[in-house]
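Thank you all for coming. Please have a look at the structure on the screen before I start to talk through it.

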Amino acid sequence: SIVARAGAAAAEGFARLYLVPGLAHGDGKFRLAWDGLGTLDAWVDRGEAPKVPVAFDANAANRNRSRPMCAFPTWPRYQGSGPVDEAASFVCAAP
């Protein structure tokens, strides 16, 4: 509804929606660890809009796993090479 009201270009300047693969409420497969407040502060205070934030998994068994947080409607897609536990091995792509 934000895009419908403000237009895609305007909405991009003040609103983003990020979906994290595997994230669930509570103890899901992916427990998000990232500096959301710092990211928001940088956007508001310094005009540094988030590009592709990286989410880290806080589950003890997956401590080093990371994924890109892609702006909706894009989604992380494995590029076919590189470690599957590293965000750099993924690209944000249309579903």
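I will go from the whole chain to the sheet, then to two aromatic residues, and finally to the pocket.

Let me begin with how the values were obtained. This is a predicted model, in which local features need pLDDT of at least 70 and side-chain atom pairs count only at pLDDT 80 or more, while totals for chains, interfaces and linings use all residues. Residues are numbered from 1 along each chain as its sequence is written, and side-chain values use heavy atoms, with hydrogens and water left out.

Now to the chain as a whole. The protein chain has three helices and seven strands, where helices (H or I, at least four residues) and strands (E, at least two) are DSSP runs numbered from the N terminus. Going along the sequence, their pattern is α-α-β-β-α-β-β-β-β-β. The C-alpha trace spans about 40 × 30 × 25 Å along its principal axes. Of the 95 residues, 26% count as buried, and here buried means under 20% relative accessible area, exposed means over 50%, and partly exposed is in between, with a 1.4 Å probe and protein chains only. The chain exposes about 6,400 Å², of which carbon and sulfur atoms supply 57%; accessible areas come from the Shrake-Rupley method with a 1.4 Å probe, and for residues only the protein chains shown count as cover. If we take contacts (heavy atoms within 4.5 Å) between residues at least 6 apart in sequence, 36% of them join residues at least 24 apart.

Next, the sheet. Three strands form an open sheet in the order 2-3-4, with antiparallel pairing, and two strands are said to pair if DSSP finds at least two bridges between them. Why do strand 2 and strand 4 each have one side without a neighbour in the sheet? Strand 2 (32-33) and strand 4 (66-68) stand at the edges and have a single partner strand each, so one side of each is left free of a neighbour. Strand 3, residues 54-57, is joined to strand 4 by three bridges, and one pairing to look for is A55 with its bridge partner R67 in strand 4. Strand 2 and strand 3 pair over two bridges, also in the antiparallel sense, and A33 stands opposite F56 there.

As a general point, side chains in a regular strand alternate between the two faces of the sheet. In strand 3, A55 and D57 point to one face and are buried, while V54 and F56 point to the other and are not.

That brings me to F56 itself. With 41% relative accessibility, F56 counts as partly exposed. Leaving out residues up to four places away in sequence, F56 touches F30, R31, L32, A33, R65 and S66. By contrast, the C-alpha atoms of F56 and A94, which are 38 residues apart along the chain, are separated by 22 Å.

The second aromatic residue is W43, in helix 3 (residues 36-46). Is W43 buried or exposed? W43 is buried, with a relative accessible area of 16%. Not counting residues up to four places away in sequence, W43 touches E12, G13, F14, A15, R16, E48, A49 and P50. One of these, G13, is 30 residues from W43 in sequence, and their C-alpha atoms are 9.6 Å apart in space.

Finally, the pocket. The largest pocket has a volume of about 270 Å³. On a 1 Å grid over the protein atoms alone, a pocket is an open set of points with protein on both sides within 12 Å along at least five of seven lines, and lining residues have an atom within 4 Å of a point. The lining consists of S1, I2, V3, A8, A11, E12, A15, R16, L17, A71 and F72. Helix 1 (2-6) and helix 2 (8-12) each supply at least two of these residues, and the largest share, three residues, comes from helix 2. V3, which lies in helix 1, is in contact with A8 and A11 once its neighbours within four places in sequence are set aside.

One last detail concerns F72, which is joined to P73 by a cis peptide bond with omega of about 15°. P73 sits in the loop between strand 5 (70-71) and strand 6 (75-78).

Technical notes:
1 Å grid on protein atoms, 1.4 Å probe; cavity = no way out; pocket = protein on both sides within 12 Å on 5 of 7 lines; lining within 4 Å. Points joined across faces, edges and corners; volume = space filled by probe spheres on them.
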